[in-house]
Number of protein chains: 2
Amino acid sequence: MSRTFTDGASVSADTRKKVLSAARALKYRPNLFARSLITRRSYILGVAISTFDNHYYPDFVQRLSEEFAKVGYRLLLFVTHGSVGPDPLVDELLKYRLDALILASSTVSSALAAECRDAGVPVLMFNNIDPSSDVPSMAGDNTVGGRTVAAFLLAGGHRSFGYVGGIEGDSSTYERESSYGTYVMQHGFAAPVRAYSDFHFEGAVQATRTLLKRKSRPDALFCTNDHLALAALQVAQAEFGLQPGKDISILGFDNVPIAKWPCFGLSTYSQPLGEIVARVIELVCNALDHKMQPETHDRIRGDLIVRTSARVPASGLIRLADGDTIWRPAQPLD
Amino acid sequence: MSRTFTDGASVSADTRKKVLSAARALKYRPNLFARSLITRRSYILGVAISTFDNHYYPDFVQRLSEEFAKVGYRLLLFVTHGSVGPDPLVDELLKYRLDALILASSTVSSALAAECRDAGVPVLMFNNIDPSSDVPSMAGDNTVGGRTVAAFLLAGGHRSFGYVGGIEGDSSTYERESSYGTYVMQHGFAAPVRAYSDFHFEGAVQATRTLLKRKSRPDALFCTNDHLALAALQVAQAEFGLQPGKDISILGFDNVPIAKWPCFGLSTYSQPLGEIVARVIELVCNALDHKMQPETHDRIRGDLIVRTSARVPASGLIRLADGDTIWRPAQPLD
DNA sequence: TTGAAAGCGCTAACAA
DNA sequence: TTGTTAGCGCTTTCAA
């Protein structure tokens, strides 16, 4: 009797036991897809990412996978690789009856997101905000992050600033850059010199070279993510003989696992993955009950993790229980 | 008419066009799960990995995902995280009607694999060989790899050897270690001193310390994978003041993307991902046609990639078109 | 080439 | 609590 395997059904303990043992004998297992035909639940979530090159994404996907597994959901992976056109992707995504879709690829347009949503799949855009779109989104707090980095650098005594971006026009690149630049300029300094990397390691190497070869070389570099900052770090050291934390300050964004490796000691504004994933789960679970507010545009605040790649200010340091040291400005920055 | 969306069906071009345009108007899309009920094909493949911490796995999963996407399959992700007991996992895996299952987690037992196979799901064990099991498997060529590393170190003039393993008893740790050790001993040297890391970065740090603190310190360290070798590299440099490639040689296995970062320059025995993924696809596609040979136990040979973390021998160097330099022994090692 | 009908494995609604 | 039945959206077979 199928009720044995259905959640809210009434079966006597006795029948239940019998059915269960018979099932075991026959190696019977309920077919989720047949079930999904009538319940309209597949227990499959789609996750689109453009690449795992940036270690933030494997970390994110792993945490997401573990946490969703606890509530009975699995992730179906879509690697968009940046280059794939949007249209075939929509068909691919919609072919599987996903309970929800998490779009963590900055190359995925909000038009695609809207199309999926209109097809009845709840969509969440992750780390890729289109303010003009009404698709719900979530991201680290790029604005507060950019400002905090700027304030940290100012507190460290820096006077000339550089910025290594991903792609010009990319939303996180833009938000981090403009809040950083604005803060610096509000305090009387010149706008940061900028170069873009296309989000690739090699691109970041080139961009850093461009910036450090200038006759008025910036002595502080903010990179739009750790992956790029790690490249910048190596260029500054190996090619320019600069000692990070002393001759130059280099900061990233994300706090990827390897940022804390002793050879890097990358100071960075964190995206608190635990909190972020918890919030994603909350939003998606709401969406599954058709309670997603389209106007949700969450920004999760992180912290400026202080390590060795940037000069450390005399004050504002806080030692955390997990061993990390963070920096907080005297005045809140929001 | 449903024949429009079925592959080998006969429809007139005219009806087809009409159906297609009607479908567009109604935003109709075929339901893959309903289809799978009758065709018994879900176009979903399960991939179990224990963690993304070791960069080899995200790289592997990404490539796998991209290549399988080309032939119409998507990956459903199972992160086993090492700790999960096997039984609930089986139920989870079998709930989704996976067309095949790729078990790339060394913590997954071959008993679990056999159980899934008996339930009718073709299974491929990846990088985790149980010779006593008849579940088909695939892995890098650990034996030739271990021997090649040993020969390379010998050619570099090393005389005392160390080994940093993952978990004692893990199949790849075992195979790499024993072929390396055997080769060294066959050439008249003492067996390598060993320490195990539990596959974690911190564990590798500890293991390396143990090895380098010995009064008769090994001057060559082979680590069972790059993730561990990268840790060893940092310990040797920062804590022991040893310059890799000069005072000590450190080798890894896998050739993960960051191994070539200039700050590491890790010499390593590669797992050629392109070839490996192509072979996985071939095997799985055979399995989908129920043509999987259970006796398949492929070993894919890699190359010793020469960079800066180990002394480089005077001869045997070959410059590749992609910019890498590899080392080949005078005599083949198999 | 097309229409009609059976049935894949399940849940949900209705009786008993 | 349990048996029965309709039907989820599709493919496949059989006739037309």
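Two residues count as being in contact if their C-beta atoms, placed from the backbone, lie within 7 Å. Keep that in mind as you work through these exercises on a predicted model.

## Exercise 1: a helix on a sheet

**Task.** Find out which strands helix 7 of chain A lies across.

**Solution.** Start with the helix, which covers residues 171-186. Next, look for the strands beneath the helix: helix 7 of chain A lies across strand 6 (161-165), strand 7, strand 8 (220-223) and strand 9 of chain A. Then check direction: helix 7 runs at about 175 degrees to strand 6 of chain A. Helix 9 of chain A packs on the sheet too, touching strand 6, strand 8, strand 9 and strand 10 of chain A. The direction of helix 9 makes about 160 degrees with that of strand 9 of chain A.

## Exercise 2: the sheet itself

**Task.** Work out the strand order of the open sheet in chain A, and say which strands sit at its edges.

**Solution.** Read across the sheet and you get 8 strands in the order 7-6-8-9-10-12-14-13, with mixed pairing. Now go to the ends: strand 7 (193-196) and strand 13 (317-319) of chain A are the edge strands, and each pairs on one side only. From one strand to the next, the twist averages 25 degrees.

Zoom in on one pair. Strand 9 (residues 249-254) and strand 10 (residues 267-270) of chain A run parallel and are joined by 4 bridges. Within this pair, A:Leu251 stands opposite A:Ser267 of strand 10.

## Exercise 3: two helix pairs

**Task.** Describe how helix 3 packs against helix 10 in chain A, then do likewise for helix 8 and helix 9 of chain A.

**Solution.** Two packed helices are described by the angle between their axes and the distance between the axes.

*Helix 3 with helix 10.*
- Helix 3 (residues 56-70) and helix 10 (residues 273-288) of chain A pack at an angle of about 50 degrees, and their axes are 10 Å apart.
- Helix 3 and helix 10 of chain A are therefore oblique to each other.
- The crossing of helix 3 and helix 10 of chain A is right-handed.
- Helix 3 of chain A brings A:Asp59, A:Phe60, A:Arg63, A:Leu64, A:Glu67 and A:Phe68 to the contact, while helix 10 of chain A brings A:Leu273, A:Val277, A:Val280 and A:Ile281.
- Sorted by class, the residues of this contact are 7 nonpolar, no polar and 3 charged.

*Helix 8 with helix 9.*
- The axes of helix 8 (residues 201-213) and helix 9 of chain A come within 8 Å and cross at roughly 50 degrees.
- That makes helix 8 of chain A oblique to helix 9 of chain A.
- The crossing of helix 8 and helix 9 of chain A is right-handed.
- Among the residues making the contact are A:Phe201, A:Ala204 and A:Val205 of helix 8 and A:His227, A:Leu228 and A:Ala231 of helix 9 of chain A.
- The contact of helix 8 with helix 9 of chain A has 9 nonpolar, 2 polar and 2 charged residues.

## Exercise 4: where the chains meet

**Task.** Count the residues in contact between chain A and chain B, and find a strand pairing that links the two chains.

**Solution.** First the count: 33 residues of chain A are in contact with 33 residues of chain B. On the chain A side, helix 2, helix 3, strand 2 (74-79), helix 4 (86-95) and helix 9 (226-239) give two or more residues each. That side divides into 18 nonpolar, 8 polar and 7 charged residues.

Now the pairing. Strand 2 of chain A pairs with strand 2 (residues 74-79) of chain B in the antiparallel sense, over 3 bridges. Look for A:Leu76, which stands opposite B:Leu76.

## Exercise 5: around the DNA

**Task.** For DNA strand D and then DNA strand C, find the helix that gives the most residues to the surface near the strand.

**Solution.** Take DNA strand D. It's surrounded by 19 residues, and the closest include A:Ser10, A:Leu37 and B:Ser2. Helix 2 of chain B gives the most to this surface, with 5 residues. The surface near DNA strand D has 9 nonpolar, 7 polar and 3 charged residues.

Move on to DNA strand C. There are 17 residues around this strand, and A:Ser2, A:Asn31 and B:Ser10 are among those that come nearest. Here the largest share, 5 residues, comes from helix 2 of chain A. By class, the surface near DNA strand C has 9 nonpolar, 7 polar and 1 charged residues.

Methods: Residues numbered from 1 in each chain as written. Chains lettered and ligands numbered in written order. Predicted model: local features only at pLDDT ≥ 70, side-chain atom pairs only at ≥ 80, totals over all residues. Near = placed C-beta within 6 Å. Nonpolar A, V, L, I, M, F, W, Y, C, P; charged D, E, K, R; others polar. Axes fitted to C-alpha atoms, helices over the stretch in contact; angles between N-to-C directions. Parallel < 35°, antiparallel > 145°, perpendicular 65-115°, else oblique. Left-handed = near helix turned anticlockwise from the far one by under 90°. Pairing = 2+ DSSP bridges.
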